[in-house]
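Colleague: I'd like to learn how to read a model like this one. Could you take me through a few features, general idea before the particular case?

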Amino acid sequence: MDSKHPIDLYFAATPNGWKISIMLEELGVEYNVIPVNLAKGEQFHEDFLAISPNNRIPAIVDHHPTFSNIGGPISVFESGAILKYLGEQFGRFYPPATDIRGRVAVDQWLFWQIGGLGPMAGQLSHFINYAPSLAPDTNHEYSLERYRSEYLRLFQVMDNQLEKTEYLAGTQYSIADIASWPWIVPYKRFLGDDGMAAYPNLRRWFVAIKNRPAVKRGMNIMKEQAKKPLIESLNSESRSILFPNKSKL
């Protein structure tokens, strides 16, 4: 695929997608947004699966990598891997290889988000936004409480850390912050308007990042798409693929 920009970003307006649009805006590099319409099942198209075999956004294709030993365009899928790749390539928001302690600090919070905050927030989102429509006769209260409690526990973990440090991995804004911040954005939907009231350090961090110009630009990518719940735009085929256990609904 020819691209007018060095980096193609395969994107949908979700927290994982925003991680990469924010990172690219922070870096100030040129990129081409290629929308992936999840409602139409475009994530299952062969050309997308060739670069993202897990049929998930985001993914990138870097047409002009600066690493001397890559030798041509390279594709990367999974948001954490993309953030690390971009941080290493452009030498920003990720410590250099000589700073082992700094890299460990960033890596542990990056993987904390990937293994904890993202999945738990994603499950909470599912039971708030999708489960009532997919299984209207089922009581989802246990699931809601389970994932809401875990989301709040992770809020407390972040608040404790941010009492000691300005950013998650220390004094410097990093890919760890970029990875976690989009999953805090929907907190009002998950917890109510005062959902962050008990976490002053987290709130300070959240507002500071929200006010970064690059974050605002990254969040504006396909902003209108994010306003409409995905469940409302799914056709029967897409619904059966995304929610196979409820394919007859």
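Colleague: What volume does the second largest pocket have?

Modeller: Pocket first: on a 1 Å grid over the protein atoms alone, it's an open set of points where a 1.4 Å probe fits, with protein on both sides within 12 Å along at least five of seven lines. Volume is the space filled by probe spheres set on the points, joined across faces, edges and corners. Here that comes to about 270 Å³ for the second largest pocket. Bear in mind that this is a predicted model, where local features need pLDDT of at least 70 and side-chain atom pairs count only at pLDDT 80 or more, while totals for chains, interfaces and linings use all residues. Residues are numbered from 1 along each chain as its sequence is written, and side-chain values use heavy atoms, leaving out hydrogens and water.

Colleague: Which elements give two or more residues to its lining?

Modeller: Lining residues have an atom within 4 Å of a point. Elements are DSSP runs numbered from the N terminus: helices are H or I with at least four residues, strands E with at least two. Helix 7 (187-191), helix 8 (200-210) and helix 9 (213-219) qualify, and helix 8 gives the largest share, four residues. Among the lining residues are W181, Y187, F206 and K210.

Colleague: How does the lining divide into nonpolar, polar and charged?

Modeller: Ala, Val, Leu, Ile, Met, Phe, Trp, Tyr, Cys and Pro count as nonpolar, Asp, Glu, Lys and Arg as charged, and the others, Gly among them, as polar. This lining has seven nonpolar, no polar and four charged residues.

Colleague: On to the sheet. In what order do the strands run?

Modeller: Two strands pair if DSSP finds at least two bridges between them. Four strands form an open sheet, ordered 2-1-3-4, with mixed pairing. Strand 2 (31-35) and strand 4 (74-77) each have a single partner strand, so one side of each lacks a neighbour in the sheet. Strand 1 (residues 7-11) pairs with strand 2 in the parallel sense over five bridges; L9, for one, has V33 as its bridge partner in strand 2.

Colleague: And M23, is that buried or exposed?

Modeller: Buried means under 20% relative accessible area, exposed over 50%, partly exposed in between, using a 1.4 Å probe and protein chains only. M23, in helix 1, is buried at 0%. Contact means heavy atoms within 4.5 Å; beyond its neighbours within four places in sequence, M23 is in contact with residues including L83, L86, F93 and I178. The C-alpha atoms of M23 and L86 are separated by 8.1 Å, though the two residues lie 63 apart along the chain.
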